[in-house]
Amino acid sequence: INAEYGKQWYQRRVRGDMDEFTAHHYKCKFNVDIPPAIVYKMSESTKVEREIPPYNGWGSEEDSRANCLKLIAQAPKRDFIKFMKKDRQGLESHVLRYLARMDTNRPIDIDRTFIISFFLSDGTISVFE
């Protein structure tokens with residue numbers, strides 16, 4: 001890396017390596033001599049192994065792991081055969097639905113009801129008020 005330190009907008013800046021055209025431009029326009037490039041070598045001891053943090057309970061564990069492994073996360077692969085077997089077939093659906101209400105003494109929350117649906121095709125849960 002061709003490093004030259006200079007002040008720009010009251011901050012110290014490092015200008016890295018450049019091609020011949022840019023070096024010629026700096027020499028002609030600003031009368032700046034470009035120092036030779038500095039070669040940095042990264043040692044093997046500085047390489048750090050990534051650890052996957054423990055599961056925190058948000059989302060599925062596979063989704064959390066996928067977010068740690070790649071910069072742009074991809075959804076984990078689902079069991080497609082199970083999905084096709086347990087997906088809706090005509091009027092027959094493979095969804096377990098439950099009616100629930102809050103167990104509370106607060107008058108404002110006593111009448112609240114929920115529909116909890118468990119989808120057998122992919123193992124997800126939906127809560128609807």
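**A surface patch, a hairpin and a salt-bridge network**

F83 sits in helix α3, which spans residues 80-86. The structure described here is a predicted model, and this helix is a friendly place to start looking around it. With a relative accessible area of 31%, F83 is partly exposed. Together with F80 and M84, F83 makes a nonpolar surface patch of about 310 Å².

From the helix, attention can turn to the strands. β4 and β5 pair in the antiparallel sense, and 5 bridges join them. One of the residue pairs to look for is F119 with T124, the latter being the bridge partner of F119 in β5. Between the two strands of this hairpin there are 4 residues. Within the hairpin, G123 adopts a positive phi near 75 degrees. As for how covered the second strand is, β5 has 5 residues and the number of them that are buried is 0, so this strand lies largely in the open. In a regular strand, side chains alternate between the two faces of the sheet.

The charged side chains offer another way into the model. There are 3 salt bridges in the structure, and a network of such bridges links R106, D109, R112 and E129. The network can be followed residue by residue, beginning with R106. The side chain of R106 meets that of D109 in a salt bridge, with an N to O distance of 3.6 Å. D109 also forms a salt bridge with R112, where the closest N and O atoms are 3.5 Å apart. R112 in turn is bridged to E129, and here the closest N and O atoms lie 2.7 Å apart. This last pair links distant parts of the chain, the two residues being 17 residues apart. R112 belongs to the loop between β3 (95-101) and β4 (113-119), while E129 is in the segment after β5 (124-128).

How do the members of this network stand with respect to the surface: which of D109, R112 and E129 are buried, partly exposed or exposed? D109 has a relative accessibility of 10% and therefore counts as buried, since the cut-off for burial is under 20%. R112, at 28%, counts as partly exposed. E129 reaches 53% and counts as exposed, because exposure is assigned over 50%. Following the salt bridges from D109 to R112 and on to E129 thus leads from a buried residue, by way of a partly exposed one, to an exposed one.

Technical notes. Residues are numbered from 1 along each chain as its sequence is written. This is a predicted model: local features need pLDDT of at least 70, side-chain atom pairs count only at pLDDT 80 or more; totals for chains, interfaces and linings use all residues. Side-chain values use heavy atoms; hydrogens and water are left out. A salt bridge is a side-chain nitrogen of Lys or Arg within 4 Å of a carboxyl oxygen of Asp or Glu. Buried means under 20% relative accessible area, exposed over 50%, partly exposed in between (1.4 Å probe, protein chains only). Patches are made of residues with over 30% relative accessible area and no salt bridge: like charges are joined within 9 Å, nonpolar side chains (Val, Leu, Ile, Met, Phe, Trp, Tyr) within 5 Å. Accessible areas come from the Shrake-Rupley method with a 1.4 Å probe; for residues, only the protein chains shown count as cover. Two strands pair if DSSP finds at least two bridges between them.
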